[in-house]
Amino acid sequence: MSPDTRRTFLLDGREIPFREGQTVFDAAMAAGVYIPHLCHNPDFEPHSSCRLCTVIVNGRPFASCTQPAVAGQDVKSDTAELNEMRRSLTQMLLVEGNHYCPSCEKSGGCRLQATAYALGLQDNHFPQFFPLRDVDASHPDIILDRDRCILCGLCVRISRTVDRKNVFAMTGRGIDTTIVVDSPTGLLADSRVSREDEAVQHCPVGALMMKGEAFTVPIGERPYDRAPINEDSVAQFQAREARLHG
Amino acid sequence: MTRLLETAAHPRALRRVAIEPLTRVEGHGKVTILLDEQNRVHQARLHIVEFRGFEKFIQGRPYWEVPVLVQRLCGICPVSHHLAAGKAMDMLVGARRLTPTAEKLRRLMHLGQMLQSHALHFFHLASPDLLFGFDAEPERRNVVGVIGEHPELAVQGVMLRKFGQEIIRHIAGKRIHGTAAIPGGMNKALTMVERDALRRETGQMIAWSRGAVATCRQILDANPHTTIFGVFPSNFMSLIGADGTLDLYDGGLRARDAMGATIFDHVDYTHYNRYIREEVKSWSYMKFPFIINLGDEDGWYRVGPLARMNNCDRINTPLAEEERQIYRAAANGGMQHATLAYHWARLIEMLHAAEGIERLLDDPDITGTDLVVKGEPALEGVGVIEAPRGTLFHHYKVDENDVVVRANLIVSTTNNNQAMNEAVRNVAASYLDGQKLTEGLLNHIEVAVRAFDPCLSCATHALGRMPLRVELVDAEGRVIDRMVKGVDGVCGEG
Ligand code: SF4
Ligand code: FES
C-alpha cells in the first residue's frame, strides 16, 4: 500500500507523507531522513527518555519518537541548535559513564559511539565523572557492565513487555540512577534471565552483552564499519517498513 | 655484579651527574651517574617511568578485553602485547593447541611487527649513530643526515616498515590497535587476494633486509672501536624452539651465562616464576628481574636480539642462518657481549622475519578458515613471546566469573633494566671518568642506551635525538654545572 500522499507534514521544508498512527520519527525515517536517537529501537515501544530525537514542531520541542505525525505540521530537525543540543546530550552521556571505546568489544557496533561520530563529536567537552559502578559477571552467559549503561531503559521495557520476566529495573534518582537486577542477591546469576531473552539482545551500547563473543567480528565487518549509523539506521528502518507494510 | 652499581659507601657524598631526557608522553627516563671524590664513576642509574597502574586497571575487567586493552600499554609494540595476552587467554579457554591457520596467522602478524619495529630502529634511530660515528656534528647525526647522504637506505627503511604494517593491517584490520587474536584463535582469515598482494613484495623485502645486514656488518668491521664499546659480560635469556632453533613466537625459556654455559633450558614458560623473580628498588619505578638460582646480585640478564642470537643454535631460514654463522664466528663461536652487536643481531632477525613472512605466505594453511578452538577453561593463563625488544611475559588470574583478579607483566625493557644500567655504567666509566661533560660523552651514553631499543619514547624520539638535561651536582646537592641538549641536538647552558 502506498502512503496517503494527501496526509503530509513538512520536515526541514521537505514534504513527508505518513500513515495514520505513525510518529514523526517513523515517518521521517521511512522517508529516508535520519533523526539521531538512542533510547528508541523501532522494534519496541518508544518511551522518549534520551531526548536525542527532539524536533521542533510548530515552534515547540517534542521527542519525535513519541510525537504523532499530524498533517500540515511544520517540523524542524536538522538545525544548528538542535544538532548542538544533540551533541551536548551525547557528550553528557559519555562523561557520566566510563566509556573506553579502544578496549570495548562493542566498538564499531555501539550506537552511542556511532551517534557521536554521526554528530561530528570532537571530544567529550565536559569533565569526566569517572563513576564507580559494578560489573555483574556472575551469569555464565551474560555480562552487565554498568560502566557503559546509558539508561536507555530498553532492557527494562523488553524484559517486562516481551520476555514478561521483569528482570531489569532502574533505581535511584538523577545522576545516581542505575540499572538493577531482580533476584535475591541482585546478581544476574540468581535472576530468571537467560541468553535467549530478547531483553539481553538489544542493548545499544556494551553494557549488556553475551559472554564469549567479544571481538569475534573483525574490524571492517562490524555494523558501523559497513555504513555510518545515519545511513544504516535509515536502511534498516526502510527494510523493516517494506517487511511489515510493503 | 649488581652490587658494583649499588654499593657506593656514602652515596650522598658522591658527586652526581644527572642526565635527564625531557619528559615525553609515554614515560620518561633519566640517567644519574654518581661520581666519587676522584671523579670516578661509581654508580649508574637509569630511571624509567612506565606501565604504572596497568595491573590495577585491568583488575575487575572481563578477560576477553585484555588482548585489546594491553595494546594501549605501549605505542611502540602494541602487537607484541596483543599476542602475549592472546596466548595467556588461550590458556584460559583451554586452547592447548591452536588450529594451524590461527597459529600461522599469529606468527605472520608477529613477524610483520618484528620487521617493522627492527626496520624503524635500524634505519631511523641506529643508523645515524653507526654511519656518522659518535662524535659527528648533531646536524648530521640524525635521520635527516641519513636521508641526505644515504637516501637509498632511508627509503628502504620506510618501505620495510610499511610492509610490516601492511601485514598487520591485513590481519588485524588496522595498522595499529586492531583486533586479531581472540581467546583460542583469530577473528579473521587472510584472503587469497590479501595473501597475493603481500607475497608480491617479499622478494624485495628480503633483498633489502639482506643488504641492511651487510651494511651493518661492514660498518662494525670498519670501526674497530664498535667492538670494544660497551662490552660487558652478562647472562642471556630468550625463548627457544624445541630443537634449539630461533623461535620468536613460542617455545621454552633458555638462559645461558656469559661463557655460554646453560643455566636452564626448555623451561615451560608457564612456570617462569620458579626461575625468575623481580626485585624492587627504592629509586626506580621499574622492577629488576633476576634468575633465582643465581641470586639478585648475579642473576640479571640481557634479553632481545643479542640474547636470542647468542642463545639459538640455528635459524630456520637460510639467509639469516648464513648471517648468524658469520655473527657467531666473529665471537669465536662464543657469546657476543658488545653493546653494538645488538644492532647486528637485530638486522639478522629482520632478515629472518622477511624470509619467514615469505615462507608463511607460501603455506596453504595461511588462507585457511578454521580459526578458533576451545577446551576446558582454566583460571590462570601465562603468555610469553619474544617481542622485538626481548622476552615479554603476561600472566593473569581470573575468577570463576571470567573477571581478572590479578595481572603481572614483565616487559622486555624491564628484563633489560639491570643490563641497561650496567651498559651506562660501563660506558660512563670508560668515557666520562674524571672529564668534563661534553656532548660527545653524552652521546656515548645515549648510543649505549639506544642499542637496547628501550621502549621509552624519549629514546625513540622522532628524529632519533634524545633531548637531555645534564646537571652536575656536588656532594652538598649544589648544581655546579649544567648542560642541556635540545631536540635539535644543540647543546647549551642549562
Ligand atoms: S543495560 Fe543497555 S539496554 Fe539496559 S538500560 Fe543500560 S544501556 Fe539500556
Ligand atoms: S530516541 Fe526519542 S527520546 Fe530517545
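Here is a short conversation about a predicted model, its chain contact, its ligand shell and a few local details.

Visitor: How many residues does each chain bring to the contact between chain B and chain A?

Guide: Happy to start there. The contact is made by residues of both chains, so the two sides are counted separately, with contact meaning heavy atoms within 4.5 Å. Chain A gives 19 residues, and chain B gives 22 residues.

Visitor: What area is buried between chain B and chain A?

Guide: The size of an interface is often given as the accessible area lost when the parts come together. Here carbon and sulfur atoms give 61% of that buried area, and the area itself is about 1,600 Å².

Visitor: Which residues in chain B lose the most area to chain A?

Guide: Three residues stand out, and together they make up 31% of what the chain B side buries. They are B:Arg61, B:Trp64 and B:Asn401.

Visitor: How many salt bridges cross the interface of chain B and chain A?

Guide: Side chains of opposite charge can pair when their charged atoms come close. One such pair is B:Asp402 with A:Lys211, at 2.9 Å from N to O. That is inside the 4 Å cut-off, so the pair counts as a salt bridge. Across the interface, the total found is 4 salt bridges.

Visitor: How do the residues of the chain B side that touches chain A divide into nonpolar, polar and charged?

Guide: Good follow-up to the salt bridges. On the side of chain B that touches chain A, the division is 8 nonpolar, 7 polar and 7 charged.

Visitor: How many residues of the shell around ligand 1 are nonpolar?

Guide: The residues surrounding ligand 1 come from chain A, among them A:Cys149, A:Cys152, A:Cys155 and A:Cys203. Also in this shell are A:Ile150, A:Leu151, A:Gly153 and A:Pro204. Gly counts as polar and Cys as nonpolar by the classes used, so A:Gly153 falls on the polar side. The shell has no charged residues and 1 polar, and the nonpolar number is 10.

Visitor: Which strands are the edge strands of the open sheet E6-E7-E10 in chain A?

Guide: The sheet has 3 strands with antiparallel pairing. E6(A) pairs with strand E7 (residues 142–145) over 2 bridges, and A:Asp136 stands opposite A:Leu144 in E7(A). The strands that pair on one side only are E6 (135–136) and E10 (208–210).

Visitor: Which residue does A:Arg87 meet in a salt bridge?

Guide: The two partners are 3 residues apart in helix H2 (residues 80–96) of chain A, so they are separated by about one helical turn. Their side chains meet at 3.2 Å, N to O, and the partner is A:Glu84.

Notes
Residues are numbered from 1 along each chain as its sequence is written. Chains are lettered from A and ligands numbered from 1 in the order in which they are written. This is a predicted model: local features need pLDDT of at least 70, side-chain atom pairs count only at pLDDT 80 or more; totals for chains, interfaces and linings use all residues. Side-chain values use heavy atoms; hydrogens and water are left out. Buried area is the accessible area (1.4 Å probe) that two parts lose on being put together, summed over both. A residue is near a molecule or strand if one of its heavy atoms lies within 4 Å of it. Two strands pair if DSSP finds at least two bridges between them. Helices (H or I, at least four residues) and strands (E, at least two) are DSSP runs, numbered from the N terminus.
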